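Visitor: Hi, I've got a model open and I'm not sure how to read it. Can you walk me through a few spots?

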Amino acid sequence: MSKPVVLITGVNGEIGRSLLKRLTQQDRYRVVSLDLSPLPESYRELTHEAYSGNIMDRYLLDQIAAHHEIKVVFHLAALLSTRGERDPELAHQVNVEGTLNLLRMSQNQSSRLGESVRFLFPSSIAVYGIPDLDTKKNVGRISEENWNLPITMYGCNKLYCEHLGRYFTNYSRQLGALASATRMDFRAIRFPGLISAETIPTGGTSDFGPEMIHAAAQGQPYKCFVGPDARIPFMTMPDATDALIQLLEADRDQLSQAVYNVSGFSASAEEIAGMVRKHFPNADLSYELDPVRSKIVDSWPEDVDDSLARNDWGFSPKYDFQRSFDQYLIPTIRSLYS
Ligand code: AKB
């Protein structure tokens with residue numbers, strides 16, 4: 001039997017590259033990819049076909065769908081939270097209208113194939129908005145339905161797209177009228193700050209964690225843009241891509257909802273700095289607050305309750321705070337920069 005075709009948008013980003021490698025190792029899927037910028041050759045050769053183009057180009061999306069029997073979409077293309085605050089209208093266009101284009105394509109594809117296309121969407125802790133630091137300290141690990149009051153354009157976009165995905169899967173009246181239409185199957189993970197040992201993120205606000213580690217590993221000074229006490233949940237990239245694949249492969253009837261929190265560990269900027277100094281004793285780390293970015297981080301929870309993901313589809317991250325550094329980040333980063 002031929003392998004199911006997976007479309008990854010935003011494949012040239014951090015999650016995209018890592019997911020592409022992971023799917024290639026597993027060898028169960030055939031990957032078609034799309035990104036604004038062309039994939040480097042070493043990644044391109046892992047794909048069945050790599051398209052360069054814009055998710056706003058509906059004609060291109062229709063062409064891709066016409067040429068491949070896409071059964072799964074990982075829609076990763078997005079402008080992250082810091083970048084989104086610099087150009088909120090562009091963020092809305094890419095994050096919302098772009099997602100709508102992919103949802104529409106997936107729904108058409110589901111009707112055409114008579115099989116539900118599984119649509120995997122990386123949402124974010126940015127959908128949460130906690131009004132002040134006292135409340136942040138006291139709310140503890142928050143669950144999916146609480147504090148859905150984002151303060152960034154990116155957070156608003158992610159929250160709304162979760163609703164759009166649920167709408168296409170369950171409620172679209174237009175589809176209700178077509179009794180024979182097979183509905184698409186939308187599933188989302190609200191990711192915390194992600195830390196990869198191989199790549200450095202761009203345009204996010206949780207970037208202070210990975211930036212600090214990569215700067216120290218390269219012997220470069222780093223000025224952290226949030227204060228030492230700023231605390232949010234994080235997760236390693238291997239745990240993030242494994243979670244996406246695990247949620248993809250879960251049976252529909254295992255899932256009690258469409259959107260799930262996940263977390264690897266909760267850490268403050270100073271706890272990360274402490275761990276970095278332990279491994280790189282000459283690290284030159286200091287703090288220089290960026291008022292906008294630290295306000296964004298302050299509005300995100302210290303940690304999230306991911307018990308539904310654990311119970312429904314067996315989410316179980318390999319790396320806690322200590323293991324992330326000892327067994328993944330430090331060994332991989334050292335070999336990257338040596
Ligand atoms: C960002 O910082 O914008 C992202 C996120 C937390 O979704 N990394």
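Guide: Sure, and let's begin with a term: a residue is exposed if 12 or fewer other C-beta atoms lie within 10 Å of its own, and buried if 20 or more do. Also keep in mind that this is a predicted model.

Visitor: OK, let's try that on Asp 27. Is Asp 27 buried or exposed?

Guide: Asp 27 has 8 other C-beta atoms within 10 Å, so it is exposed.

Visitor: And where does Asp 27 sit?

Guide: You'll find Asp 27 in the loop between helix 1 and strand 2 (30-35). Its phi is near 60°, which is a positive value in a residue other than glycine.

Visitor: Which other residue has a positive phi, near 55°?

Guide: That's Trp 147, and again the residue is something other than glycine. Look for Trp 147 in the loop between strand 6 (141-142) and helix 7 (153-171).

Visitor: How many C-beta neighbours does Trp 147 have inside 10 Å?

Guide: Trp 147 has 19 of them, so it counts as partly exposed.

Visitor: Let's go back to helix 1. What angle do helix 1 and helix 10 cross at?

Guide: Helix 1 (residues 14-26) and helix 10 (residues 237-249) cross at roughly 65°, and their axes come within 10 Å. Angles of 65 to 115 degrees count as roughly perpendicular, so helix 1 and helix 10 are roughly perpendicular to each other. Their crossing is right-handed.

Visitor: Which residues meet there?

Guide: From helix 1 there are Glu 14, Ile 15, Ser 18, Leu 19 and Arg 22, and they meet Met 237, Ala 240, Thr 241, Leu 244 and Ile 245 of helix 10. Sorted by class, that contact of helix 1 with helix 10 has 6 nonpolar, 2 polar and 2 charged residues.

Visitor: Switching pairs now: how do helix 3 and helix 5 pack?

Guide: Helix 3 (residues 58-67) packs with helix 5 (residues 88-113) at an angle of about 30°, and the axes are 10 Å apart. Under 35 degrees counts as roughly parallel, so that is the label for helix 3 and helix 5. Helix 3 passes helix 5 in a right-handed crossing.

Visitor: What touches what between helix 3 and helix 5?

Guide: Arg 58, Leu 61 and Ala 65 are the helix 3 side, while Asn 101, Met 105, Asn 108 and Gln 109 are the helix 5 side. The contact of helix 3 with helix 5 comes out as 3 nonpolar, 3 polar and 1 charged.

Visitor: Tell me about Asn 108, then. How many C-beta neighbours inside 10 Å?

Guide: Asn 108 has 16, so it counts as partly exposed. Its C-alpha atom is separated by 24 Å from that of Arg 28, which is 80 residues apart from Asn 108 along the chain.

Visitor: New topic: where does helix 14 bend?

Guide: Helix 14 (residues 321-337) bends by about 40° at Leu 329, and a proline, Pro 331, follows within four residues. Leu 329 is buried, as are Ser 324, Phe 325 and Ile 333 in helix 14.

Visitor: What do the buried residues of helix 14 pack against?

Guide: Several elements, including strand 8 (193-195), helix 9 (208-217) and strand 10 (231-236). Strand 12 (265-268) and helix 11 (269-279) are there too.

Visitor: One last proline: is Pro 291 buried or exposed?

Guide: Pro 291 is exposed, because it has 8 other C-beta atoms within 10 Å. Its place is in helix 12 (residues 291-299).

Notes: Residues are numbered from 1 along each chain as its sequence is written. This is a predicted model: local features need pLDDT of at least 70, side-chain atom pairs count only at pLDDT 80 or more; totals for chains, interfaces and linings use all residues. The bend at a residue is the angle between axes fitted to the seven residues ending there and the seven starting there. Helices (H or I, at least four residues) and strands (E, at least two) are DSSP runs, numbered from the N terminus. Two residues are in contact if their C-beta atoms, placed from the backbone, lie within 7 Å. Axes are lines fitted to C-alpha atoms, for helices over the stretch in contact, and angles run from 0 to 180 degrees between N-to-C directions. Angles under 35 degrees count as roughly parallel, over 145 as roughly antiparallel, 65 to 115 as roughly perpendicular and the rest as oblique. A crossing is left-handed if the near helix is turned anticlockwise from the far one by less than a right angle, and right-handed if clockwise. Ala, Val, Leu, Ile, Met, Phe, Trp, Tyr, Cys and Pro count as nonpolar, Asp, Glu, Lys and Arg as charged, and the others, Gly among them, as polar.
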